[in-house]
Amino acid sequence: MTTILAVRSGGSVALGGDGQVTLGATVVKHNATKIRRLHEGRVLAGFAGGTADAMTLLDKFEGMLKKAQGNAAKAAVELAKDWRTDRFLRRLESLLLVADKDRTLLISGQGDVIEPDDGVAGIGSGSSYAVAAARALVKHTKLRPAEIVKEALEITARICIYTNDAFEIQEL
């Protein structure tokens, strides 16, 4: 279980996540890296769900990103189509949250490619808490996206037992 959060505001975007890895009700790792920079650092990607599944999907997304010459939206749609229809991929259980300079996209195995209306999106067990906190901070503060992600993840870590406070935050 995990929490990944993206916040887009003021011309920049930040993506952050916690480091906790659980097997059932047991924490097995505290400082996992769940955020990646792709396509020469111009695209951020985070995952929630099965790690091996997510790594497979991130590799596939990166290949599609290369084919689409860095067009994250096009690569996301292609991944969602393959993920939904490919016999092997459709068994993978994970969610991806990706962001480039223009868009934030949530990608699922059901064929969803969702761009949030307000620039805030989350995936994982603590995502509802993180998204709610981030939306309040965007509305009522002048904090930068990376600062909002950090504050929202701190709030989430105090509420969600599947989210810890070993955060990794990247910004474009």
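**View 1. Arg-36 and its bridge partner in strand 6.** The bridge partner of Arg-36 in strand 6 is Ala-45. Strands here are DSSP runs of E with at least two residues, helices are runs of H or I with at least four residues, and both are numbered from the N terminus. Strand 5 (residues 35–38) runs antiparallel to strand 6 (residues 43–49), with four bridges joining them; two strands count as paired if DSSP finds at least two bridges between them. The model is predicted, with local features requiring pLDDT of at least 70 and side-chain atom pairs pLDDT 80 or more, while totals for chains, interfaces and linings use all residues. Residues are numbered from 1 along each chain as its sequence is written, and side-chain values use heavy atoms, without hydrogens and water.

**View 2. The hairpin turn at His-39.** Four residues lie between strand 5 and strand 6, which form a hairpin. In the turn, His-39 has a positive phi of about 50 degrees.

**View 3. The open sheet of four strands.** The strand order is 10-1-2-11, with antiparallel pairing. Strand 10 (120–124) and strand 11 (168–171) are at the edges with a single partner strand each, so one side of each has no neighbour in the sheet. On average, neighbouring strands of this sheet are turned by 10 degrees against each other, direction ignored; axes are lines fitted to C-alpha atoms, for helices over the stretch in contact, and angles between N-to-C directions run from 0 to 180 degrees.

**View 4. Strand 1 against strand 2.** Strand 1 (residues 3–9) and strand 2 (residues 12–17) run antiparallel and are joined by six bridges. Ile-4 stands opposite Gly-17 in strand 2.

**View 5. Helix 4 on the strands.** Helix 4 (residues 145–159) lies across strand 1, strand 2 and strand 11. Its direction runs at about 150 degrees to strand 1.

Definitions and conventions. Contact = heavy atoms within 4.5 Å.
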